[in-house]
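Visitor: I'm new to this one, so could you show it to me and explain the words as we go?

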Amino acid sequence: MSIDRLPPVGHVGVVVADMDRALEEIRQIFGIDGAGKVYDFTPMNVWAWGEKIPGCQIRIAMLDWTDSLKLEVLQPVFGEIEHKRFVDEVGGGMHHTAYYVKDYPAYRDFIVGQGGEIIFESETEDEKGYRRCCYARMPGTQMIVEVLERGCAIEVLLSFEKISS
């Protein structure tokens with residue numbers, strides 16, 4: 001498979017220090033209710049800046065922003081990962097754009113081939129299924145892009161939302 005660009009954005013990620021406070025602000029500003037949509041993500045394998053780390057946990061809420069775009073709110077719980085660094089150094093805020101792909105290895109190779117530095121990568125298998133993702137900081141813009149396996153990640157998140165609603 002020859003990759004020449006990323007697909008359309010699937011979600012925008014916001015990293016926060018306090019999930020409850022962030023969800024209340026999002027409800028007040030955007031009218032999006034995140035109640036009951038928070039889950040704890042504890043991947044089985046995690047790499048941060050190319051080094052395997054013992055583990056991490058992130059509280060995540062995946063919210064419908066528009067018909068075709070989601071808003072992901074992430075709160076680092078533990079682990080020396082990019083999300084924690086972002087909260088510690090910046091205080092939180094808009095963090096990344098995410099792209100759902102079917103051929104994860106090809107898209108991972110594509111962003112690395114474009115000069116992207118992988119700063120977070122995870123793989124997990126749990127009751128929601130097997131899934132992989134990586135975040136890369138792009139060299140020219142310093143933007144962070146996330147690539148997620150479409151076959152696993154998006155369907156898992158969508159099914160979780162239906163169960164928790």
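Guide: Here is a short walk through the chain, one question at a time. This is a predicted model, where local features need pLDDT of at least 70 and side-chain atom pairs count only at pLDDT 80 or more, while totals for chains, interfaces and linings use all residues. Residues are numbered from 1 along each chain as its sequence is written, and side-chain values use heavy atoms, with hydrogens and water left out.

Visitor: How many helices and strands does the chain have?

Guide: There are 4 helices and 10 strands. Helices (H or I, at least four residues) and strands (E, at least two) are DSSP runs, numbered from the N terminus. Going along the sequence, you meet them as β-α-β-β-β-β-β-α-β-α-β-β-β-α.

Visitor: What makes the chain as compact as a globular protein of its length?

Guide: Its radius of gyration is 15 Å, close to the 15 Å that the globule rule gives for 165 residues, so the chain is as compact as a globular protein of that length. That radius is taken over C-alpha atoms, and the rule is 2.2 Å times the number of residues to the power 0.38. The C-alpha trace spans about 40 × 30 × 30 Å along its principal axes.

Visitor: Why is Gln75 called buried?

Guide: Buried means under 20% relative accessible area, exposed means over 50%, and partly exposed is in between (1.4 Å probe, protein chains only). Gln75 has a relative accessible area of 15%, so it counts as buried. You'll find Gln75 in strand β6 (residues 70-78). Across the chain, 50% of the 165 residues count as buried.

Visitor: What does Gln75 touch?

Guide: Leaving aside neighbours within four places in sequence, Gln75 is in contact (heavy atoms within 4.5 Å) with Val16, Ala17, Asp18, Met19, Gln57, Ile58 and Arg59. The side chain of Gln75 also reaches the backbone nitrogen of Met19 at 2.9 Å.

Visitor: And why is Asp4 called exposed?

Guide: Asp4 has a relative accessible area of 58%, so it falls in the exposed class. Asp4 sits in the segment before β1 (11-15).

Visitor: Why is Trp49 only called partly exposed?

Guide: Trp49 comes out at 37% relative accessible area, so it goes in the class between buried and exposed. Its place is the loop between β3 and β4 (51-53). Trp49 also has a positive phi of about 50°, although it is not a glycine.

Visitor: How do you know that β1 is mostly covered?

Guide: Count its residues: 5 of 5 are buried. His11, Gly13 and Val15 point one way from β1, while Val12 and Val14 point the other way.

Visitor: What does β1 pair with?

Guide: Two strands pair if DSSP finds at least two bridges between them. β1 and β6 run parallel and are joined by 5 bridges, with Val12 standing opposite Leu71. β1 and β7 run antiparallel, again with 5 bridges, and Val15 has Gly93 as its bridge partner there.

Visitor: How do you know that β8 and β9 pair?

Guide: They share 9 bridges, in the antiparallel sense. One of the partnerships is Glu117 with Arg137 in β9. β8 and β9 form a hairpin with 2 residues between them.

Visitor: What about β9 and β10?

Guide: β9 and β10 are antiparallel too, over 5 bridges, and Arg137 stands opposite Ile144 in β10. They form a hairpin with 6 residues between them, and Gln142 in the turn has a positive phi of about 65°. At 44% relative accessibility, Gln142 counts as partly exposed.

Visitor: What makes a group of residues a nonpolar core?

Guide: It is a set of buried Ala, Val, Leu, Ile, Met, Phe, Trp, Tyr and Cys residues joined through side-chain atoms within 4.5 Å. The largest one here has 22 residues, and Val46, Ile58, Ile60, Leu74, Ile81, Phe120 and Tyr135 touch the most other members. Its largest share, 3 residues, comes from β5. Apart from it lies another core, of 14 residues, among them Tyr104, Ile118, Ala136 and Val145.

Visitor: Which residues does Phe120 touch?

Guide: Not counting residues up to four places away in sequence, Phe120 touches Val46, Trp47, Cys56, Ile58, Ile81, Glu82, His83, Cys133, Cys134 and Tyr135.

Methods:
A polar contact is a pair of N or O atoms within 3.5 Å; within protein, one must be able to donate a hydrogen and the other to accept it, and residues adjacent in sequence count only if both atoms are side-chain atoms.
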